[in-house]
Amino acid sequence: MQVDEEAVGAVLNRLRRAQGQLAGVIAMIEAGRDCKDVVTQLAAVSRALDRAGFKIVASGMRQCMAGADADTPPMSEAELEKLFLTLA
């Protein structure tokens, strides 16, 4: 299964946001910024990645509920559960 077209834009935006935030964390560490500031920024990176991951899982769930195409077998409930728990 692939990320559906509805979700691709949101997923890419969230991943790009995380990429930019991660670059900020690296710069903060290199500049010797306060740990509290670094951790706060790192938490933002984590949230952006989580949101992207949840959007991907939701896309997979939507495809399973709608039925897979003829070339791809549907994702099982166990596979969806594993994907979801991977984000925890």
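What share of the 88 residues of the chain count as buried? The figure is 23%, and it describes a predicted model. With that in mind, let's take a walk through the fold.

## Overall fold

The chain has three helices and zero strands, so its pattern along the sequence reads simply as α-α-α. Helix 1 covers residues 5–30 and helix 2 covers 35–66. These two helices will come up again and again below.

Two chain-wide values help to set the scene. Among contacts between residues at least 6 apart in sequence, 69% join residues at least 24 apart. The chain exposes about 6300 Å², and carbon and sulfur atoms supply 58% of that area.

## The nonpolar core

Six residues make up the largest nonpolar core: Ala18, Val25, Met28, Val38, Val45 and Ala48. Helix 1 and helix 2 each supply at least two residues of this core.

Val25 is a good place to look at it from the inside. Leaving out residues up to four places away in sequence, Val25 touches Val38, Gln41, Leu42 and Val45. Two of these partners, Val38 and Val45, are fellow members of the core.

## Buried positions where helices 1 and 2 meet

Start with Val11, which sits in helix 1. Val11 counts as buried because its relative accessibility is 5%, under the 20% cut-off. Setting aside neighbours within four places in sequence, its contacts are Val3, Ala52, Lys55 and Ile56. Its C-alpha atom is separated by 7.8 Å from that of Gly53, a residue 42 places away along the chain.

Arg14 is also found in helix 1. You may be surprised to see an arginine here, but at 18% relative accessibility Arg14 counts as buried, since the limit is 20%. The side chain of Arg14 reaches the backbone oxygen of Arg51 at 3.2 Å. Beyond its neighbours within four places in sequence, Arg14 is in contact with Ala48, Arg51, Ala52 and Lys55. Ala48 is one of the six core residues, while Ala52 and Lys55 are also contacts of Val11.

On the helix 2 side, have a look at Ser59. Ser59 counts as buried, because its relative accessibility is 0%. Not counting residues up to four places away in sequence, Ser59 touches Gln2, Val3, Asp4 and Ala7. Val3 is among the contacts of Val11 as well.

## Partly exposed positions in helix 2

Two alanines of helix 2 are worth a stop. Ala43 lies in this helix and, at 29% relative accessibility, counts as partly exposed. The C-alpha atoms of Ala43 and Gln21 are 9.6 Å apart, with their positions 22 residues apart along the chain.

Ala58 belongs to helix 2 too. Its relative accessibility of 30% makes Ala58 partly exposed. From C-alpha to C-alpha, Ala58 and Phe84 are 9.0 Å apart in space and 26 residues apart in sequence.

## The salt bridge

How many salt bridges does the structure hold? There is one, and it joins the side chains of Arg33 and Asp37 at 3.4 Å, N to O.

Are its two partners buried or partly exposed? Arg33 counts as partly exposed because its relative accessibility is 44%. Asp37 falls in that class as well, because its value is 32%. Both figures lie between the 20% and 50% limits.

## A nonpolar patch on the surface

Nonpolar side chains also appear at the surface. Val8, Leu12, Leu15 and Leu49 make a nonpolar patch of about 290 Å². Helix 1 gives the most to this patch, with three residues.

Leu49, for its part, has its place in helix 2. With 44% relative accessibility, Leu49 counts as partly exposed. In the sequence Leu49 directly follows Ala48, which belongs to the nonpolar core. On helix 2, then, a core residue and a patch residue are next to each other in the numbering.

Key. Residues numbered from 1 in each chain as written. Predicted model: local features only at pLDDT ≥ 70, side-chain atom pairs only at ≥ 80, totals over all residues. Heavy atoms only, no water. Core = buried A, V, L, I, M, F, W, Y, C linked by side-chain atoms within 4.5 Å. Buried < 20%, exposed > 50% of the residue type's maximum accessible area, 1.4 Å probe, protein only. Helix = DSSP H or I, 4+ residues; strand = E, 2+ residues; numbered from the N terminus. Contact = heavy atoms within 4.5 Å. Salt bridge = Lys/Arg side-chain N within 4 Å of Asp/Glu carboxyl O. Areas by Shrake-Rupley, 256 points an atom, 1.4 Å probe, with all protein chains shown as cover. Patch = residues over 30% accessible without salt bridge, like charges linked within 9 Å, V, L, I, M, F, W, Y side chains within 5 Å. Polar contact = N/O pair within 3.5 Å; in protein donor to acceptor, adjacent residues only side chain to side chain.
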